[in-house]
Amino acid sequence: MKKHVKLFAGLLSIMMCGGLVSCGLPGKEVVDEPAVNTTSTIGDISKDTIKLSMNGSITEISCENYKEDGISVIGLEEYINNEINVYNESRGASKVTLIEYKDDGSVVKTAIQYSDIDTYNEFNNTDVNISLYNKSEVSRLFEEDNAKHPKAVSYVKAEEISEEELAAAGYSLEDIKAMQSSTDATASETDAVATFTDAASASTVLFDEIEGDSYMMLTTGLDVDVIINGGNVLYINKYGEVISDNTADLSGEGKAIVVYSYNY
């Protein structure tokens, strides 16, 4: 170790004498070293998040509270890097990269970048799909969702409730029939077609009213936040919520559809 220090000191001396290192002498311009970029990819993110970029790459920020689960994180960073190396070697290219690792003693946060959505899905065994906005696909997903999540609404017939019970509750037989009729009509109208929330106006729009040749569409059942780098969230279905111009919070309760665009 001491030998290395002496060699470094000798090299520095030679550089100084040779004028390769500026000492502030007259006629010598002092060149500042370029600043090191210390910007954090994770920042203050505290929930599992995926960032989409217009070059097709995906950055996943994972937030796991291992202490809460009583799991040791010793060697975790090394393990993650090893898994990534094994995957990259098997593909013959560097398609996955651990770009940031943070451990505050309880929550471990990682930022991993993937070259494309196919790599992300393959590495994580997930089902995230990205494509141009497709009305036919939205309609298909809507029908599929209805089949998986049938309306669990059941009614007690008004005739089965005695008028005395209704009167005690402050209702008449006609009141109950009117409410059921109104509820049936609303449910039929709302559930008959796929709808989205317009991120700009918070109004409800039908799926076939959305027009935009360059609009992108993300679909997934994951419980994550989605950030559009260099773009905006435009519309979102009932399984998500708009958080900001470029961020949506997906519930994970069904197949979320996020319609977005990039600021080309």
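1. A residue is called buried here when its relative accessible area is under 20%, and exposed when that value is over 50%. By this criterion five of the six residues of strand β10 (residues 231-236) are buried, so β10 is largely enclosed by the rest of the structure. The model under discussion is a predicted one, and the points below should be read with that in mind.

2. The surroundings of β10 can be described through its two partner strands. On one hand, β10 pairs with strand β6 (residues 195-198) in the antiparallel sense over two bridges, and in this pairing threonine 197 stands opposite isoleucine 236 of β10. On the other hand, β10 pairs with β13, again in the antiparallel sense, over five bridges, and here isoleucine 236 stands opposite valine 258 of β13.

3. Strand β8 (residues 216-220) deserves a parallel comment, since five of its five residues are buried, so that this strand too is largely enclosed by the rest of the structure. In a regular strand the side chains alternate between the two faces of the sheet. For β8 both faces are covered, with Met216, Leu218 and Thr220 buried on one side and Met217 and Thr219 buried on the other.

4. The pairing of β8 is antiparallel with each of two strands. With strand β5 (residues 129-132) it extends over four bridges, and isoleucine 130 stands opposite leucine 218 of β8. With strand β13 (residues 256-262) the antiparallel pairing of β8 extends over five bridges, and threonine 219 has isoleucine 257 of β13 as its bridge partner.

5. These strands belong to an open sheet of six strands, with antiparallel pairing and the order β5-β8-β13-β10-β6-β7. The edges are taken by β5 and β7 (204-206), each of which has a single partner strand, so one side of each is left without a neighbour in the sheet. From one strand to the next the twist averages 35 degrees. At the β7 end, β6 and β7 run antiparallel and are joined by three bridges, with valine 205 of β7 serving as the bridge partner of phenylalanine 196.

6. Helix α4 (residues 135-148) lies across β6, β8 and β13 and runs at about 20 degrees to β8. The helix has 14 residues and reaches 20 Å from its first C-alpha to its last, close to the 20 Å expected at 1.5 Å a residue. Its buried residues are Val138, Leu141, Phe142 and Asp145; seen down the axis of α4, these fall within an arc of 105 degrees, so they line one face of the helix. The face turned away from this buried side carries the exposed residues Ser136 and Ala147. At the start of α4, a side-chain oxygen of asparagine 134 comes to within 2.9 Å of the backbone nitrogen of serine 136.

7. A second open sheet is formed by seven strands in the order β3-β4-β2-β1-β9-β12-β11, and its pairing is mixed. Its edge strands are β3 and β11 (240-244), each of which pairs on one side only. Neighbouring strands of this sheet are turned against each other by 20 degrees on average, direction ignored. At the β11 edge, four bridges join β11 to strand β12 (residues 247-250), and the two run antiparallel; the bridge partner of valine 242 in β12 is alanine 248.

8. Helix α2 (residues 76-91) lies across β3 and β4 and runs at about 175 degrees to β3. The helix has 16 residues and reaches 23 Å from its first C-alpha to its last, close to the 22 Å expected at 1.5 Å a residue. The buried residues of α2 are Leu76, Ile80, Ile84, Tyr87 and Asn88, and they cover an arc of only 105 degrees around the axis, which puts them on the same side of α2. An α-helix has 3.6 residues a turn, so residues three or four places apart point the same way. The buried residues of α2 pack against β3 (96-103), β4 (107-114) and α3 (117-124), whereas the face turned away from the buried side carries the exposed residues Glu78, Tyr79 and Glu89. After α2 comes glycine 92, whose phi is positive, near 70 degrees.

Key: Residues numbered from 1 in each chain as written. Predicted model: local features only at pLDDT ≥ 70, side-chain atom pairs only at ≥ 80, totals over all residues. Heavy atoms only, no water. Buried < 20%, exposed > 50% of the residue type's maximum accessible area, 1.4 Å probe, protein only. Pairing = 2+ DSSP bridges. Expected span 1.5 Å × (residues − 1). Arc of directions from axis to C-beta. Polar contact = N/O pair within 3.5 Å; in protein donor to acceptor, adjacent residues only side chain to side chain. Axes fitted to C-alpha atoms, helices over the stretch in contact; angles between N-to-C directions. Contact = heavy atoms within 4.5 Å.
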